[in-house]
Amino acid sequence: MSEKIAVLGAGSWGSILANLLDENGHDVSLWSYKQDQVDELNQHHTNTHYIKDFTYSETLVAYSDLKAALKDATTVLFVVPTKAVRSVASQTKRALAELHTKPALIHASKGIEQDTYKRVSEILAEEIPAESRQSITVLSGPSHAEDVAKKDITLVTAASTDLSAAEHVQKLFMNRYFRVYTNTDVIGVEIAAALKNIIALGTGALHGLGYGDNAKAALMTRGLAEISRLGASFGANPLTFIGLAGVGDIIVTGTSHNSRNWRAGDELGKGQSLEEVIDTMGMVIEGVATTKSAYELAKQRGVDMPITTAIYQVLYEGKDIREAISDLMQREGRSEF
Ligand SMILES: NC(=O)C1=CN([C@@H]2O[C@H](COP(=O)(O)OP(=O)(O)OC[C@H]3O[C@@H](n4cnc5c(N)ncnc54)[C@H](OP(=O)(O)O)[C@@H]3O)[C@@H](O)[C@H]2O)C=CC1
Ligand SMILES: O=C(CO)COP(=O)(O)O
């Protein structure tokens, strides 16, 4: 069944998801706040700053006017960086009121809001209250835009407290190369999605410093253990952390050059400063802000997160990376579980 879907955010992931939905037969409008990017998408069907050597569908239409993009949409997909979700959601609420529509919401952003420690679905629910929308579903999992652009096999999860909403999202996105599972553990999926970026910064840094596979596997495994502990403190389902949004996304982000978080860590390991890394990336590195949120959240809730703490100290307190690694290694021995 074909739908009118508005995709908000035309970076790497938003533009590729919009293209996938268009290929699946939906009527898709793609919103960006940058007119030059909208012009490039509509005139040349390219988005070169974000995804190189890719031609988008000619039926995919980009808009810089949010209300025009949202017109008649029955589903709205948010794919902006976490720090922009609140303001884009608030603009969306105003536009929906003028349009008199109540769409279902999906988001594919991976982060925890600074200072409020809100998950993205919580921000959306606050800014767009229940009377202005249908359900909220999160789409997450091991899914680099670059691989989806190549139609490489990708498996993700659609999580909503309302299973029928997750099943609807599953149907919207599924095709021969993109397979979607459902989950009702929104808390677990969003915590796993956000915090895996911290671990990817860490494995990238290990790579940049010249450490081997054992060290990277150790960091991903123990990183997932502490992410699960934080998730459990919020009542998340422990199984979520061994699923696509958990171990799946740790593997893809923690081992791949396609990951901006991994690449940022790699450059830090090679000696660049955080400012230099952010300046040269030109795309969002969600793990930097999430490290601060997760570190503060863990302290507030009394959850032991030694790896997150070490990465926080490197990013925000100028601690030497090798010293941080050495301190982690010299912690008192303990039982694994
Ligand atoms: N790339 C990927 O493979 C995947 C990404 N994600 C997640 O998706 C989210 C978006 O990531 P991605 O597309 O990769 O990021 P990009 O950096 O590639 O693109 C983000 C886009 O959002 C725009 N933007 C920034 N601030 C605002 C704002 N206030 N209002 C409107 N638009 C804004 C950016 O513009 P500008 O460049 O001017 O800042 C840019 O066009 C992130 O949370 C990420 O973790 C999830 C799965 C896969
Ligand atoms: O979330 C991602 C893949 O699942 C993308 O990770 P990066 O933001 O590090 O590129």
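**A loop, a binding spot and a helix pair**

D115 sits in the loop that runs between β5 and α5. In this predicted model, that residue has a positive phi of about 70°, although it is not a glycine. Most residues other than glycine have a negative phi. With 8 other C-beta atoms within 10 Å, D115 is exposed. Y117 belongs to the loop between β5 and α5 as well, and here too phi is positive, near 60°, in a residue other than glycine. Y117 counts as partly exposed, having 14 C-beta neighbours inside 10 Å.

What about the chain as a whole? Its secondary structure adds up to 15 helices and 8 strands. For 337 residues, a compact globule would be expected to have a radius of gyration near 20 Å, and the chain, at 19 Å, agrees with that. Along the principal axes, the C-alpha trace spans about 60 × 40 × 35 Å. Buried residues account for 51% of the 337 residues. As for contacts between residues at least 6 apart in sequence, 71% of them join residues at least 24 apart.

Part of the chain carries a domain label. An unreviewed UniProt entry places the feature "domain: Glycerol-3-phosphate dehydrogenase NAD-dependent N-terminal" at residues 4–165. Over that stretch the chain is 38% helix and 20% strand, and the C-alpha atoms at its two ends lie 16 Å apart.

The loop between β5 (104–107) and α5 (120–127) also holds K110, and this brings in another annotation. Which residues does UniProt mark as "binding site"? The unreviewed entry gives K110, R260 and N261. These residues span 152 residues in sequence, yet no two of their C-alpha atoms are more than 12.6 Å apart, so they gather at one spot.

K110 itself counts as buried, because 27 C-beta neighbours fall inside 10 Å and the cut-off for a buried residue is 20 or more. Neighbours within four places in sequence aside, K110 is in contact with S140, A193, A194, N197 and E286. R260, for its part, lies in helix α11, which covers residues 260–269. R260 is buried too, with 22 other C-beta atoms within 10 Å. Again setting aside neighbours within four places in sequence, the contacts of R260 are M281, M283, V284 and I285.

At the far end of the β5–α5 loop comes α5 (120–127), which packs against another helix. Two packed helices are described by the angle between their axes and the distance between the axes. For α4 (residues 82–99) and α5, the angle is about 25° and the axes are 9 Å apart. Angles under 35 degrees count as roughly parallel, and α4 and α5 are therefore roughly parallel to each other. The crossing of α4 past α5 is right-handed. On the α4 side, the contact is made by T82, V85, R86, A89, S90 and K93, while α5 supplies V120, I123, L124 and E127.

A last stop is E58, in the loop between α2 (35–44) and β3 (61–63). Is E58 buried or exposed? With 9 C-beta neighbours inside 10 Å, E58 counts as exposed. Along the chain E58 is 36 residues from D22, and the C-alpha atoms of the two are separated by 9.4 Å.

Definitions and conventions. Residues are numbered from 1 along each chain as its sequence is written. Chains are lettered from A and ligands numbered from 1 in the order in which they are written. This is a predicted model: local features need pLDDT of at least 70, side-chain atom pairs count only at pLDDT 80 or more; totals for chains, interfaces and linings use all residues. Helices (H or I, at least four residues) and strands (E, at least two) are DSSP runs, numbered from the N terminus. The radius of gyration is taken over C-alpha atoms; the globule rule is 2.2 Å times the number of residues to the power 0.38. A residue is buried if 20 or more other C-beta atoms lie within 10 Å of its own, exposed if 12 or fewer, and partly exposed in between; C-beta atoms are placed from the backbone. Two residues are in contact if their C-beta atoms, placed from the backbone, lie within 7 Å. UniProt positions are given in the numbering used here, feature names are shortened, and annotations may be inferred rather than shown by experiment. Axes are lines fitted to C-alpha atoms, for helices over the stretch in contact, and angles run from 0 to 180 degrees between N-to-C directions. Angles under 35 degrees count as roughly parallel, over 145 as roughly antiparallel, 65 to 115 as roughly perpendicular and the rest as oblique. A crossing is left-handed if the near helix is turned anticlockwise from the far one by less than a right angle, and right-handed if clockwise.
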